[in-house]
Amino acid sequence: MSTAARLQSEGLRTVVLERHDHVGGCAGYYRRDGFAFDVGATTLVDFQPRGVGGQLLDEIGFDPPDIDVQDAYEVRLPDRTVTLYRDRRRWNRELRETFGDDAAHRAFYRFLERTSDALWEIARGDVKLPMQSVGDVVRNARTLGLGNLSLLRYLRWTMADALNHFGVYDDVALRKTVAALVEDTVHATLEEAPLLNSILGISIRKAGIGRAEGGMYGFWTAFVDHYADIGGTLETGATVTEVTGRRGAFRIDTDSGRYRAEQVVSALPVDLTRRIAPSVVGDRLDEHVETLREHEGGAVVAFLGVPEEEVAGREFTHHQILRDYDEPLGNGNNMFVSVSAPGDTVSAPEGHRAVILSTHCDVDPWQDLDDEAYERKREAAGERLVSGARTVYPDLGSNPVVYEVGTPVTYEQFTNRPRGAIGGYRQTPANTNQRAVPQDVGVDGFYLAGDTTWPGLGTVACLVGSRIAAEHVTGRR
Ligand SMILES: Cc1cc2nc3c(=O)[nH]c(=O)nc-3n(C[C@H](O)[C@H](O)[C@H](O)COP(=O)(O)OP(=O)(O)OC[C@H]3O[C@@H](n4cnc5c(N)ncnc54)[C@H](O)[C@@H]3O)c2cc1C
C-alpha cells in the first residue's frame with residue numbers, strides 16, 4: 001500500500017491486489033463485537049514529521065487519524081521495572097537509576113544514545129542496502145556523512161560484542177533488558193543480533209511509537225479512502241496466482257481475473273514471490289529463501305475485549321514483560337501488552353478497552369498438529385499470555401467480552417505467509433545489511449518490498465523498502 005500510494009501520488013496509475021477482504025496484512029486488524037483488534041503490529045513507529053512514517057504521510061498528502069505517540073512504555077522485569085522514556089534526559093536518568101551507574105555503564109549508555117541518533121537519521125535519509133552499484137556507495141557515503149564513517153567498524157559486531165566491549169555484559173538486568181528489546185525487534189539473541197540493527201530496534205521509543213485512534217482499523221480505513229481519493233485502485237479478495245512476462249508486458253493472474261502492468265512490485269514475503277513468479281525471478285531468490293527459512297519465527301497473540309475496570313488506573317498503555325531471567329525468550333517469556341487508549345471508542349465500545357498480548361514463538365512446534373493437539377496448545381499459549389499480563393493488570397481477562405488466540409496457523413490462514421512465519425526474520429550479520437534481500441533482484445520492471453527485504457525491522461522495513469522500490473519504478477534509482 002505504501003509503495004502504491006507513493007507512486008500514485010507521483011502520477012503513475014497503480015492497482016493493489018490483495019488476497020484478504022481488507023488490507024493491512026500483519027499490520028492489519030480484525031473486528032469482533034464492537035472491538036477492533038490489531039492483528040500484529042500495534043504501534044506505528046517514527047510517524048513524526050521527517051520520520052520514516054512521517055515522510056510517507058507527507059509524500060502522499062495523507063492526514064491520518066490522531067496518532068497518540070507514547071511518552072514512554074514500561075518494561076517489567078522479574079525484579080524491577082524500567083520505564084522507556086522518549087525524552088532523552090528522563091531516559092538517561094532512568095538507565096542510571098535502574099541499572100549500573102559506573103564509568104563503564106555510562107560509556108555504554110552514551111554509545112547507545114549517540115549511535116541510535118545517527119542510525120535513525122540514516123534510516124530517514126537516503127541509505128540503501130545492500131549496495132548494488134557505485135551509485136549506491138556514493139549515496140550511502142553521502143547519507144552517512146564523514147562524522148558517521150566510524151560506524152562502519154561495527155558492521156560485523158553483534159550486540160553481545162558491544163556489551164562485552166564496554167564491560168557491562170555481567171549486569172544481568174541490563175543484559176536481559178537489552179536481550180528482550182532486541183528479541184522483540186530484531187528477533188535474535190544477543191550473540192547473533194547485528195549491533196547496528198539492534199540499536200535501531202531497541203531505540204524505537206526514541207523514534208516514537210504511536211497508536212492511531214481506532215488502532216490499525218482506524219489507520220487503514222482512512223488510508224484506503226485516501227488512496228482511492230488520489231486515484232488508486234484497490235482490489236481485495238484478489239489472490240495473485242501467477243506473474244509472468246517482462247517490463248512493459250507483465251501479466252498478473254488472480255483467482256478473480258487477469259491484469260496487465262508495465263511494472264510490478266511484489267510486497268509478499270520472498271518465498272511467496274518465488275512461488276507466484278518463478279518465470280520472472282528465476283533462481284535469483286533461491287539463496288535468500290533458504291537463508292530466511294533458517295531464520296524464521298512466529299507469534300502467538302491473545303485478543304481481549306474487556307470492561308474498562310480490568311485495565312484502569314495505569315499510567316501507560318504499552319508494556320513489555322520479561323517474566324524469568326533464566327528461561328529462553330519467547331513463548332510468553334518476553335511478551336508485549338498493548339491496550340487501546342481510554343476514550344478510543346473506535347477500538348472498543350464505551351466503557352471497554354481492546355487488549356492485545358503477543359509473544360514470539362518458533363513456527364515448527366505449530367506445524368502438522370491434529371485438531372485436538374492444536375487446540376490444547378493454543379489454549380495453553382493463551383493462558384500463559386494472560387497470566388503474564390496479570391503481572392501488570394491483575395484482573396485482566398476475568399470477565400472478557402471477547403477472548404481469542406491467534407497462532408502461526410492463524411497467521412498462515414489469514415496472511416498466506418508460509419508456515420505462519422511473521423514479523424520479519426531473525427537478523428544476523430549473515431543475512432542483513434550487505435547480505436539482505438534488495439528491492440531490485442536484477443529483473444527490469446519487477447521489484448520487491450515488504451519485511452523480508454532490508455532493513456527487516458517490521459513496518460520500518462516496509463516503509464523504507466517501499467521508498468526504494470518506488471524509486472526503482474520511477475527510474476530515480
Ligand atoms: C504479533 C506481531 C507484532 C508486531 N508488532 C510490530 C510493531 O509493533 N511494530 C512494527 O513496526 N512491526 C510489528 N510487527 C511486524 C509487522 O507487522 C510486519 O513486519 C509487517 O506488517 C509486514 O508487512 P508486509 O507488507 O511485509 O507483509 P504482510 O503483512 O504479510 O502483507 C502481505 C499482504 O499480502 C497479501 N497476500 C499474500 N499472498 C497474496 C497473494 N498471492 N495475492 C495477493 N495478496 C496476497 C496478504 O493478505 C497481506 O495482506 C509485528 C508483527 C506481528 C505478527
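This section describes the ligand shell and the packing of helix H8 in a predicted model.

The shell around the ligand comprises 33 residues. Gly 25, Gly 40, Ala 41, Gly 450 and Gly 458 come nearest to the ligand. By class, the shell holds 15 nonpolar, 14 polar and 4 charged residues. Several secondary-structure elements contribute. Strand E1 (15-18), helix H11 (270-276), strand E14 (298-307) and helix H16 (458-474) each supply at least two shell residues. The largest share comes from H16, which gives 4 residues.

Helix H8 spans residues 195-202 and is mostly covered. Of its 8 residues, 8 are buried. These are Leu 195, Leu 196, Asn 197, Ser 198, Ile 199, Leu 200, Gly 201 and Ile 202. The buried residues of H8 pack against four helices: H4 (103-124), H6 (159-165), H7 (172-185) and H9 (204-207).

The packing of H7 with H8 was examined further. The two helices meet at an angle of about 95°, and their axes lie 9 Å apart. Angles of 65 to 115 degrees count as roughly perpendicular, and H7 and H8 are therefore roughly perpendicular to each other. On the H7 side, the contact involves Val 178, Leu 181, Val 182 and Thr 185. On the H8 side, Ser 198, Gly 201 and Ile 202 take part. The contact residues divide into 4 nonpolar and 3 polar, with no charged residue. The residue spacing within each helix can be read against helix geometry. An α-helix has 3.6 residues a turn, so residues three or four places apart point the same way.

Note on methods: Residues numbered from 1 in each chain as written. Predicted model: local features only at pLDDT ≥ 70, side-chain atom pairs only at ≥ 80, totals over all residues. Buried ≥ 20, exposed ≤ 12 C-beta atoms within 10 Å, placed from the backbone. Contact = placed C-beta atoms within 7 Å. Near = placed C-beta within 6 Å. Nonpolar A, V, L, I, M, F, W, Y, C, P; charged D, E, K, R; others polar. Axes fitted to C-alpha atoms, helices over the stretch in contact; angles between N-to-C directions. Parallel < 35°, antiparallel > 145°, perpendicular 65-115°, else oblique.
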